[in-house]
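Student: Hi! I've just opened a structure that is new to me, and I'd like someone to walk me through it. Could you show it here so that we can go over it together?

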Amino acid sequence: MRPVVAEVALEYRETFSFVKLDVNTQREKTLEYRIRGTPTYIVFKDGEIVGGFVGAMPKAELVQRILGILEIEDPE
Amino acid sequence: MKRLICLLLILSLALLVSTVSYAEDTDTDILRAADVNTDGVINILDLTLVASHFGETPAKDQSPNPDVNRDGIVNILDLTLVASHFGKTVPPPIVFVSTPLFLSVNPESTSQLDMNDTITLTFDNIPEDVKVNTGVAIVEGKTVKITGPFTQGPLALTITWTGGTQTLNYTVRPSVAFVSVDPRADTELTVNDTIIFTFDNTPDEVTVSTGVATVEGKTVKITGPFTPGPLNLTITWNDGSLTFTYTVAKPDIDAPDITSGTVSDGDKDVDPKAINSDARIEIEFSEEVSGNIALQTAAGVDIGWLGSVEGNKGILELVKGKELGNETTYVTYVIVGKVADAAGNETDIRITFTTDITYDGIPIEVSDKTFDTVVLKSDVPIVVEFYTDW
């Protein structure tokens, strides 16, 4: 089974970057951004949070949500 | 009656003259001429013949010829000649027999013979008392046939006959025996196969019932094309003949197909780790082939794997350090080459496949320390997944 996040990260790397942070080991940023559950996705643009959402979901929904926050039409 | 009396008178006169003048004449030509009826003795019968043609002018080649002195007319002179040799016997004619001359021989002297060949000599007349130093001579009219078997090696054949001798030089070939044939009899051939016969010596006068025979030393190559179906091939040479049976298969006009393989043309998401682990890629063909095979990039650059074609397989073997890779995007590889079956039917190989994508390290892991640099200073929008491994 391919990781959804990895696929999205590769396919949309021209549109946005994707990184991950382990909440169990990186406590400082976990607390700073008040992460209550995993997975939690926070979208940054120009150093500012522009949106976020929580929960595992299918690839298409994940893409739709991110592009929606960024107000970008799906280039695929 | 009057004529007869006249003749008798003449006869009497002739007898008288002969007694007096020609008693000692022994000239053979005259004796033969006087023996008009050619019975070997000059007697009354000859006189009668002359007398009966008295006054005539016989032809020169007339037989019997009463013109004894050959002056063109039968007259008293002829009677006189007969009378003068009356009672004499005429010696038989001497027949001059010339010595038979050797004219020709077949095969020609200095040529090669087989052990059982026949040498035929031709003369201008029938030779007598013919003898040869080897073989058996049989006289047939003006020809003499000398039959062997002759001993292998140089042959100096001397033939003698009454009045002559002739020596002829030959080389007697060794007998040639069949040794083997390839492919062996009772097997299947293709239309354009070559059948190779091997002998213990160079065969001569080789003929075959089908195909074209080429003698190369001790071998004879028979080339087709042969007609599909049963084949009875008879090869004949100067010392023998043999027949071999084969079955000629219908011509193969089908190019070899790729029936299976580690990868197929158009394959996507091929796991390079599995291939690298096996250290080989195999392609199977529908029949035995020969040819070449290589692994290239999509751009046509050889990857460096070792390609070989054996039997009905094409094999690409991994060379250490040349493993198939996968990256954050697909990698396309192409297996290229050309193979041909035994009939020469060719197949171009072009199998394009792409590896799957590796997700190792994707997305990038950030930490508390790198977060600000990677995330907050990113020039492009960036999504952070806060995750946990369960």
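Tutor: Happy to; we'll take the two chains in turn and then look at some single residues. Keep in mind that this is a predicted model.

Student: Good to know. How many helices and strands are there in chain A?

Tutor: Chain A has three helices and three strands. Going along the sequence, they come in the pattern α-β-α-β-β-α.

Student: And how much of chain A is buried?

Tutor: Of its 76 residues, 46% count as buried. The accessible surface of chain A is about 4,400 Å², and carbon and sulfur atoms account for 46% of that.

Student: What about contacts between residues that are apart in sequence?

Tutor: If you take the contacts in chain A between residues at least 6 apart, 38% of them join residues at least 24 apart.

Student: At what angle do α1 and α3 of chain A cross?

Tutor: Helix α1 of chain A (residues 4–11) and helix α3 of chain A (residues 59–70) cross at roughly 50°, and their axes come within 10 Å. An angle like that is neither under 35 degrees nor within 65 to 115, so α1(A) and α3(A) are oblique to each other. The crossing of α1(A) past α3(A) is right-handed.

Student: Which residues make the contact?

Tutor: From α1(A) you have A:V4, A:V5, A:E7, A:V8 and A:E11, and from α3(A) there are A:K59, A:L62 and A:V63. Sorted by class, this contact has five nonpolar residues, three charged ones and no polar ones.

Student: Nice. Let's switch to chain B. How many helices and strands are there?

Tutor: Chain B has six helices and 25 strands. Of its 390 residues, 35% are buried.

Student: How about its surface and its contacts?

Tutor: Chain B exposes about 21,600 Å², with 54% of it supplied by carbon and sulfur atoms. Among its contacts with a separation of 6 or more, 56% are between residues 24 or more positions apart.

Student: What angle do α3 and α4 of chain B pack at?

Tutor: Helix α3 of chain B (residues 44–52) packs with helix α4 of chain B (residues 76–84) at about 180°, and the axes are 9 Å apart. Angles over 145 degrees count as roughly antiparallel, so that is the word for α3(B) and α4(B).

Student: Who touches whom there?

Tutor: The α3(B) side of the contact is B:D46, B:L47, B:V50 and B:A51, while the α4(B) side is B:D78, B:L79, B:V82 and B:A83. By class, that contact has six nonpolar and two charged residues, with no polar ones.

Student: Okay, new topic: which residues are joined by a cis peptide bond?

Tutor: One cis bond joins A:T38 and A:P39, with omega about -5°. A:P39 is in the loop between α2 (27–32) and β2 (40–45) of chain A. Another joins B:G148 and B:P149, where omega is about 5°. That second proline, B:P149, is in the loop between β6 (143–147) and β7 (153–161) of chain B.

Student: Why point those out?

Tutor: Because most peptide bonds are trans.

Student: Makes sense. Where is B:D186, and what is its phi?

Tutor: B:D186 sits in the loop between β9 (178–182) and β10 (188–189) of chain B. Its phi is positive, about 65°, although B:D186 is not a glycine. With a relative accessible area of 62%, over the 50% cut-off, B:D186 is exposed.

Student: And B:E205, where is that?

Tutor: B:E205 is in the loop between β11 (194–199) and β12 (207–208) of chain B. Phi of B:E205 is near 50°, again a positive value in a residue other than glycine. B:E205 has 55% relative accessibility, so it counts as exposed.

Student: Last two. Is B:G153 buried or exposed?

Tutor: B:G153 is buried, with a relative accessible area of 15%. This glycine lies in strand β7 of chain B. Leaving out residues up to four places away in sequence, B:G153 touches B:Y170, B:T171 and B:V172. The C-alpha atoms of B:G153 and B:R173 are 6.5 Å apart, with those positions 20 residues apart along the chain.

Student: And B:T227, buried or exposed?

Tutor: B:T227 is exposed, at 62% relative accessible area. You'll find B:T227 in the loop between β14 (219–223) and β15 (229–237) of chain B.

How values were computed: Residues are numbered from 1 along each chain as its sequence is written. Chains are lettered from A and ligands numbered from 1 in the order in which they are written. This is a predicted model: local features need pLDDT of at least 70, side-chain atom pairs count only at pLDDT 80 or more; totals for chains, interfaces and linings use all residues. Side-chain values use heavy atoms; hydrogens and water are left out. Axes are lines fitted to C-alpha atoms, for helices over the stretch in contact, and angles run from 0 to 180 degrees between N-to-C directions. Helices (H or I, at least four residues) and strands (E, at least two) are DSSP runs, numbered from the N terminus. A crossing is left-handed if the near helix is turned anticlockwise from the far one by less than a right angle, and right-handed if clockwise. Contact means heavy atoms within 4.5 Å. Ala, Val, Leu, Ile, Met, Phe, Trp, Tyr, Cys and Pro count as nonpolar, Asp, Glu, Lys and Arg as charged, and the others, Gly among them, as polar. Buried means under 20% relative accessible area, exposed over 50%, partly exposed in between (1.4 Å probe, protein chains only). Accessible areas come from the Shrake-Rupley method with a 1.4 Å probe; for residues, only the protein chains shown count as cover.
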